[in-house]
Amino acid sequence: MKIGKWACVPVALAATMISAPGRTHHSFAMFDQTQVVTLKGQVAQFQWTNPHAFIELDVPDGKGGSDRWSIELNSPNNLTRQGWRRSSLMPGQTVSVTFNPLRNGKKGGLFNKVILPDGKVLGDMSNASGRPINVPSAD
Amino acid sequence: MTARNAHQPRRAERLPRLGLTIAALLLTIPAEAQTDRNRRLTPEQLDTMQQRHPGLAGALDPANLAKPRPTPPFNMTGTWFVDLSEGFNKFRFGPPYPEFLEAGQKALAEGEATRARGENYRDSIGQCYPAGMPMIMTRVWPIMFIQMPTAIYMVAGFTNSFRTIYLDGRAHTDPDIYVPTYNGESIGHWEGDTLVVDTQGFETDHHWIDTGLPISDQFHMIERIRMINGGNTLEIEYIMTDPQNWKGAWRNTKRWDRVTEADIGEVECTEARNANLPGTDRGQQTLDEREEKK
């Protein structure tokens, strides 16, 4: 598992989300929501689809090649309310993506935020509460 | 050629047969009808082609809609969102759970152990199986109802799951005819200020409640639906029985709030899209395939 060589920081806020099973298309048991990972890479694909959007990110592997990471996002409806658009990410852009990694160490994760080439940050959190927009503050 | 294909004609052989079939069908239609666009098929010809239930008026049959009926105590027409103010886990139907029999006990234990390992357990919804009733009600996507005098139509925002609650006084379809469905066959009637809905006829294949709890073909559901909060909140009490899987009645009450700046859009689950979602089993397969290629 190569996550260790990247920034891998437990975040207290993420720990509060353990009981939140996610966006309910499917189980979120596979993501470790107590961990966050940030990877810088090139956008291979950004798909604006229901019920989930996703990012395919090519991350340099340190050997002259790259690894493909699959990052799962919220629904486009929720993302739109957080400032996202279909054109927010374009193939070829170099971005930093922060996500909750898979527990099994495979190259995938649950999206938290992205820093675009111009420094703009797009998240999966509501600006007001700092929590995911479709997870109630009661949790 | 596989064994299955061995009995099937090649495509080139099938095409002439298809042409003959179409020609045979056309011969059964009067020649005038083939040339006169104002002509219609005879009732007998239509009867062989369309899906209908002879002797039972459809819920949208104008004559059925026009029948005199008492004014219902409330109208559910609107868009609704499950109330999660008591916690996100309120989208589940337990705990508390009833006393499960063997299959349910096994599912509870296996589910807990599997999730503890960070793996999915019976995540059939993630493989595009319908959530089915009752889980489709709490997918954290809005749900719409359109209430007519004869039926209430539901479309869930998540994968556009469709459900009809008949109000026109019909009885349940003969189980020997009814094709089981994930949302079942729902018949409603009014009791004072409450709509009581009786649902049966469930498809059981990969149809779970909460995290992998199984149902059998004896699964039966009563919903007691009330409109509260000045018409802005629906409260539904679920009373679910399945003598093959648990003892007594499994009860749970949930609420949905009216949402006004929302619509139900088209949402599909497809295997191709799941291939890019690492939280699904298909997405995991993609990650494994990539590693094998490296």
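# A walk through chains B and A

Start by selecting residues 78-82 and 143-147 of chain B: these are strand 1 and strand 3, an antiparallel pair held over three bridges. The model you have open is predicted, so treat everything on this tour as a reading of computed coordinates. Put labels on two facing pairs here. Thr79(B) sits across from Met144(B) of strand 3, and Gly78(B) sits across from Phe145(B) of that strand.

Now look at the other partner of strand 1. Add residues 250-258 of chain B, which form strand 13; strand 1 pairs with strand 13 too, again antiparallel and over three bridges. For a landmark, pick Trp80(B), which stands opposite Arg258(B) in strand 13.

With those strands on screen, bring in the rest of the ring. In chain B, nine strands close into a barrel, and you can trace them in the order 1-3-4-5-6-7-10-11-13. The pairing around the barrel is mixed. Neighbouring strands in this sheet are turned against each other by 30 degrees on average, ignoring direction.

**Next stop: helix 6**

Select residues 102-116 of chain B. That is helix 6, with 15 residues, and its first and last C-alpha atoms are 21 Å apart, close to the 21 Å expected at 1.5 Å a residue. Which residues of this helix are buried? Colour Gly104(B), Ala107(B) and Gly111(B) and you have them. Turn the view to look down the axis of helix 6: the buried residues fall within an arc of 55 degrees, so they line one face of the helix.

What lies over the buried residues? The cover includes strand 2 (99-100), strand 9 (213-214) and strand 12 (246-247) of chain B, so show those as well. Then roll helix 6 round to its other side, where Glu102(B), Ala109(B), Glu112(B), Ala113(B) and Ala116(B) are exposed. Before leaving, step past the end of the helix to Gly118(B), which follows helix 6 and has a positive phi, near 80 degrees.

**Into the loop**

Keep going to Arg122(B), in the loop between helix 6 and strand 3 of chain B. Is this arginine, Arg122(B), buried or exposed? Count around its C-beta: 20 other C-beta atoms lie within 10 Å, so Arg122(B) is buried. To see some of its surroundings, select Trp208(B), Thr211(B) and Gly212(B); these are its contacts once neighbours within four places in sequence are left aside. You can also draw a distance to Asp210(B): this residue is 88 residues away from Arg122(B) along the chain, while their C-alpha atoms are separated by 9.9 Å.

**Across to chain A**

Zoom out and show both chains. Where they meet, 30 residues of chain B are in contact with 36 residues of chain A. On the chain B side, select residues 281-293: helix 8 gives the most to this surface, with five residues. Colour that side by residue class and you should get 11 nonpolar, 12 polar and seven charged.

Finish by isolating chain A. Its secondary structure comes to two helices and seven strands, and following the sequence you pass through them as β-α-β-β-β-α-β-β-β. Chain A has 139 residues, of which 41% are buried. For a last look, switch on its contacts between residues at least 6 apart in sequence: 55% of those join residues at least 24 apart.

Notes:
Residues numbered from 1 in each chain as written. Chains lettered and ligands numbered in written order. Predicted model: local features only at pLDDT ≥ 70, side-chain atom pairs only at ≥ 80, totals over all residues. Contact = placed C-beta atoms within 7 Å. Helix = DSSP H or I, 4+ residues; strand = E, 2+ residues; numbered from the N terminus. Nonpolar A, V, L, I, M, F, W, Y, C, P; charged D, E, K, R; others polar. Expected span 1.5 Å × (residues − 1). Buried ≥ 20, exposed ≤ 12 C-beta atoms within 10 Å, placed from the backbone. Arc of directions from axis to C-beta. Pairing = 2+ DSSP bridges. Axes fitted to C-alpha atoms, helices over the stretch in contact; angles between N-to-C directions.
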